[in-house]
Amino acid sequence: MEWYSLLPPLVAVLVVLWKKEVILALLLAIITSEVLLAKTGSTMLFHGVVGACERIVSVFGSAGNTRILLFSLIIGAVLAFMRHSGGVTAMVEYVISKGLGKNRRQAAFMANFTGMAIFIESNLSVLTAGIVSRGLFDRYKMSRATLAYIIDSSAAPICILVLLNGWGAFVLGLLSNYEFEQSAAEIMWGTIALNFYPIIALMMVWYTAYTGNLHGPLARSKSMVESQVENESENHAAPVPEFKPTKARFMFIPLLTMVLGMIMFMFLTGDGTLANGSGSKSVLYATVSACLVAYFMMLSTKKFTHHQLVKIGFDGMSELLPLVTIVLLSLTLGASLKVLGTGIYVAQIIGDTLPLFMIAPMLFIAGAVIAFSTGTSWGTFAILIPIGVPLIQTMGLPPSFIIAAILGGGVFGDHCSPISDTTAVSAIASGCELLEHVKTQLPYALFGGALTIILYALYGIAFL
């Protein structure tokens with residue numbers, strides 16, 4: 001392997017640092033990789049661009065990749081049906097009507113629970129949690145920054161731990177491109193117990209909710225609560241539901257269909273063994289099932305026509321087109337880097353320069369830097385998993401341990417980043433200024449990240 005095999009991921013990192021644009025970074029990285037593979041003199045650039053196009057097309061040659069891309073589109077329709085039906089708004093009102101949130105502790109735990117409950121999509125999770133909890137936080141004069149911290153540090157961690165969602169399908173798609181002794185699904189499920197950062201993040205949220213103790217800038221934000229409440233009408237208008245509430249079942253039943261369907265199809269595709277099931281098939285079938293259930297439930301009300309529902313569904317899909325593009329280019333880059341041998345070259349360098357116990361901490365830090373710079377965990381996974389897998393294969397490292405470090409690093413960097421979409425949505429949903437949210441959450445994230453690095457090093461010393 002040659003040193004120039006490092007150029008494509010280096011281009012990706014430099015472009016995201018410069019332009020803060022993941023799609024452009026991935027596209028340029030793919031072209032760079034294909035130019036290096038072309039090696040045809042003066043026509044290298046031409047063949048590189050043509051090769052990049054063909055490499056993108058080749059992604060659809062894999063049935064698993066195509067299923068992941070279809071899932072990423074269809075989930076947009078499911079989320080749109082949930083919103084337009086009034087089911088999300090109705091679920092919020094139902095929770096409030098049950099009298100949950102009788103004190104500060106219950107209000108904080110409600111925000112945490114709501115942020116964790118809708119684990120299929122992090123932005124939908126924080127939006128719902130923010131709408132549910134803002135009134136309660138105002139009633140008990142709890143700062144909006146506290147609410148933003150709780151919902152932000154509940155949503156992404158639970159998404160990367162539960163994995164019965166787009167996050168899990170995306171990671172499964174990346175892992176399915178490589179050969180392991182274990183199945184890709186077994187490796188993915190094995191990351192849960194070893195993904196220390198999201199576990200620590202959730203534990204800090206539970207500590208904050210239970211004790212009410214606040215630290216660092218978040219504690220100082222408490223003194224601004226009274227003025228925040230008094231100036232609410234001027235600075236933080238209360239969130240008005242986009243759609244009128246109907247019945248909570250319009251959200252609950254499709255969501256339950258998806259979760260139970262995912263588990264059922266994993267058993268069916270695995271011949272009765274969950275770990276042997278096909279993740280790409282299961283998540284696609286479960287999502288299609290949820291989409292059909294939501295469609296027929298809305299059609300049965302006679303408030304929506306078939307044509308209206310088709311438009312709602314396609315509008316929901318269009319909202320996720322940037323995400324689907326990232327998924328497509330991520331799969332393409334992984335395939336191109338595999339041919340170029342980037343991961344194997346990095347494995348050789350790390351194997352010669354780093355002790356085994358430091359590999360996971362370094363991958364965690366690398367993931368954090370990339371995610372902080374891009375504001376997205378998914379792009380981070382796309383760049384680092386093709387590098388981490390050859391380390392696993394050539395150095396005999398535990399797959400779940402290394403992949404967990406990459407996944408945790410992505411979430412950690414995302415939590416610290418002011419350009420993360422989840423960070424921005426959390427601030428908007430809670431009625432908190434974006435920079436205030438970043439400033440107050442950062443000490444918690446840094447503490448969790450530092451503790452995670454120590455735990456990965458200790459685990460490496462003990463078991464590698």
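**Exercise 1. Find the partner of aspartate 138, and say whether each residue is buried or partly exposed.**

Solution. Aspartate 138 forms a salt bridge with arginine 144, and their closest N and O atoms are 2.5 Å apart. A salt bridge here is a side-chain nitrogen of Lys or Arg within 4 Å of a carboxyl oxygen of Asp or Glu. Now check burial. Buried means under 20% relative accessible area, exposed over 50%, and partly exposed in between (1.4 Å probe, protein chains only). Aspartate 138 has 22%, so it is partly exposed. Arginine 144 has 2%, so it is buried.

Before going on, note that this is a predicted model: local features need pLDDT of at least 70, side-chain atom pairs count only at pLDDT 80 or more, and totals for chains, interfaces and linings use all residues. Residues are numbered from 1 along each chain as its sequence is written, and side-chain values use heavy atoms, leaving out hydrogens and water.

**Exercise 2. Locate the salt bridges of arginine 55 and arginine 83.**

Solution. The salt-bridge rule gives a count of five. One of them joins arginine 55 to glutamate 34, with the closest N and O atoms 2.7 Å apart. Arginine 55 sits in helix H3 (residues 44–59) and glutamate 34 in helix H2 (residues 22–38), 21 residues apart. Helices are DSSP runs (H or I, at least four residues), numbered from the N terminus. Both arginine 55 and glutamate 34 are buried.

Next, arginine 83 pairs with glutamate 319; the closest N and O atoms are 3.3 Å apart. Arginine 83 is in helix H4 (residues 63–84) and glutamate 319 in helix H17 (residues 306–319), so the salt bridge ties together parts 236 residues apart in sequence. Arginine 83 has 21% relative accessibility, so it counts as partly exposed.

**Exercise 3. Describe the largest nonpolar core and the contacts of isoleucine 385.**

Solution. A nonpolar core is a set of buried Ala, Val, Leu, Ile, Met, Phe, Trp, Tyr and Cys residues joined through side-chain atoms within 4.5 Å. The largest has 130 residues; Leu175, Phe381 and Ile385 touch the most other members. Helix H8 (residues 144–162) gives the most to this core, with 12 residues. Contact means heavy atoms within 4.5 Å. Not counting residues up to four places away in sequence, isoleucine 385 touches Val171, Leu174, Leu175, Pro390, Ile403 and Ile406.

**Exercise 4. Place aspartate 414 and list what it contacts.**

Solution. Aspartate 414 lies in helix H22 (residues 399–416). Its relative accessible area is 3%, so it is buried. Leaving aside neighbours within four places in sequence, aspartate 414 contacts Ala371, Gly375, Thr376, Ser377, Ser420, Thr422 and Thr423.

Technical notes:
Helix = DSSP H or I, 4+ residues; strand = E, 2+ residues; numbered from the N terminus.
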